[in-house]
Amino acid sequence: MTRQLYAVGNWKMYKTSREATQYIEELAPLVENCRAHVYLAVPYTSIAPASHYAKDTQIVIGAQNMHDAREGAFTGEVASLMLKEAGAKFTLLGHSERRQQFRETDAAIHKKVLRALQDDIQPIVCVGETWQEREKGQAEEVLRNQIMACLGEIPKEEAEKILLAYEPVWAIGTGKTATPEIAQAMHAHCREILGELFGKRKANTISILYGGSVKPDNVAELIAEKDIDGVLVGGASLDPATFAKIAHHCEKGK
Ligand code: PEP
């Protein structure tokens, strides 16, 4: 089974619109013929200008979050159709920074996944355990609960539009990457759960990305693992040359 390969950058709350467009101009020629999908999750304010500059390039622009309602009295929030009109093709959902700092629950993430699918925004659903949970031997159970809650009741035919990102919380922004063995074991576990939800055949078509301190010098050994179909990159995506190197590693080794 060949699955699509992805290098997804998450800029978090970095870069103004001007910086975003300069970045796209630098990145575009570097990933021109990349066989992996090159995605950038940018701040809301940069979605429209970045999409404009990314037109006719290999780069796909998306968001880092969205609200689950179509519209309404939700001060400070952004709806999926607003993202879509601005040019976003995908959105991250349930990033651990959203879960931890903004108290996002699996139930809220589930509603967002449904809305994103309905409005044709590809969801990248993030799951992962904390260090404490890993130490207590609960990592597998935590992932099972998150995946079941976030992706339960999604129609089977919609499942293939979703990307799953395994991001151990202890590896995000810490410089501590999961070993390829740990990452592979957790990805295989995620795929098994996807199989329970959507059937084994469909689960084998869903790309699962690894995130957590990915750098040009550790990406190759991660991507070489059987169930790792790409990477979600925070800090190392902020520099176009570094991110381009990572993206090119993602097209290899399969
Ligand atoms: C992330 O923000 O999803 C992430 C994985 O960050 P970093 O690569 O900096 O660990």
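The following paragraphs describe the strand barrel, one helix pair, the salt bridges and two individual residues of a predicted model.

The strands of the model form a closed arrangement, in which eight strands make a barrel in the order 1-2-3-4-5-6-7-8, with parallel pairing. Within this sheet, neighbouring strands are turned against each other by 25° on average, when direction is ignored. The place of strand 8 in the barrel can be followed through its pairing on either side. Strand 1, which comprises residues 6-10, runs parallel to strand 8 and is joined to it by four bridges, and in this pairing Ala-7 stands opposite Val-231, while Val-8 stands opposite Leu-232. Strand 7, which comprises residues 208-211, also runs parallel to strand 8 and is joined to it by two bridges; here Gly-211 is the residue that stands opposite Leu-232. Leu-232 of strand 8 therefore has a residue opposite it in strand 1, namely Val-8, and another in strand 7, namely Gly-211. With respect to the directions in which the residues of strand 8 point, Gly-230 and Leu-232 face one way and Val-231 and Val-233 the other way, and all of these residues are buried.

Outside the strand pairings, helix 7 lies across strand 5 (122-127) and strand 6 (163-166), and its direction makes an angle of about 155° with that of strand 5. Helix 7 also packs with another helix. Two packed helices are described by the angle between their axes and the distance between the axes. For helix 7 (residues 139-151) and helix 9 (residues 180-198), the axes come within 10 Å and cross at roughly 35°, and the crossing is right-handed. On the side of helix 7, the residues that take part are Ala-139, Glu-140, Leu-143, Arg-144, Ile-147, Met-148 and Leu-151, and these meet Met-186, His-189, Cys-190, Ile-193, Leu-194, Glu-196, Leu-197 and Phe-198 in helix 9. Sorted by class, this contact is made up of 11 nonpolar, one polar and three charged residues.

The model contains 14 salt bridges. Among them, two share Glu-104 as a partner: the side chain of Arg-98 meets that of Glu-104 at 3.0 Å, N to O, and the side chain of Lys-112 meets Glu-104 at 3.0 Å, N to O. Glu-104 counts as buried because its relative accessible area is 11%, which is under the limit of 20%, and Lys-112 is likewise buried, with a relative accessible area of 7%.

Another salt bridge is formed by the side chains of Asp-229 and Arg-191, with a distance of 2.9 Å, N to O. Asp-229 lies in the loop between helix 11 (219-223) and strand 8 (230-233), whereas Arg-191 lies in helix 9, so the pair ties together parts of the chain that are 38 residues apart in sequence. Asp-229 is buried, with a relative accessible area of 2%, and Arg-191 also counts as buried, at a relative accessibility of 7%. The pair belongs to a wider set, since salt bridges that share partners join Arg-3, Arg-191, Lys-226, Asp-227 and Asp-229 into one network.

Two further residues illustrate the surroundings of helix 1. Trp-11 is located in the loop between strand 1 and helix 1 (17-30), and at a relative accessibility of 0% it counts as buried. When residues up to four places away in sequence are not counted, Trp-11 touches Ala-20, Tyr-23, Leu-40, Ala-41, Val-42, Pro-43, Gln-64, Ser-237 and Leu-238. The C-alpha atoms of Trp-11 and Ala-69, by comparison, are separated by 24 Å, and these two residues are 58 residues apart along the chain. Thr-21 is found in helix 1 itself and counts as buried at a relative accessibility of 10%. With its neighbours within four places in sequence left aside, Thr-21 is in contact with Pro-49 and Tyr-53.

Note on methods. Residues numbered from 1 in each chain as written. Predicted model: local features only at pLDDT ≥ 70, side-chain atom pairs only at ≥ 80, totals over all residues. Heavy atoms only, no water. Axes fitted to C-alpha atoms, helices over the stretch in contact; angles between N-to-C directions. Left-handed = near helix turned anticlockwise from the far one by under 90°. Contact = heavy atoms within 4.5 Å. Nonpolar A, V, L, I, M, F, W, Y, C, P; charged D, E, K, R; others polar. Salt bridge = Lys/Arg side-chain N within 4 Å of Asp/Glu carboxyl O. Buried < 20%, exposed > 50% of the residue type's maximum accessible area, 1.4 Å probe, protein only. Pairing = 2+ DSSP bridges.
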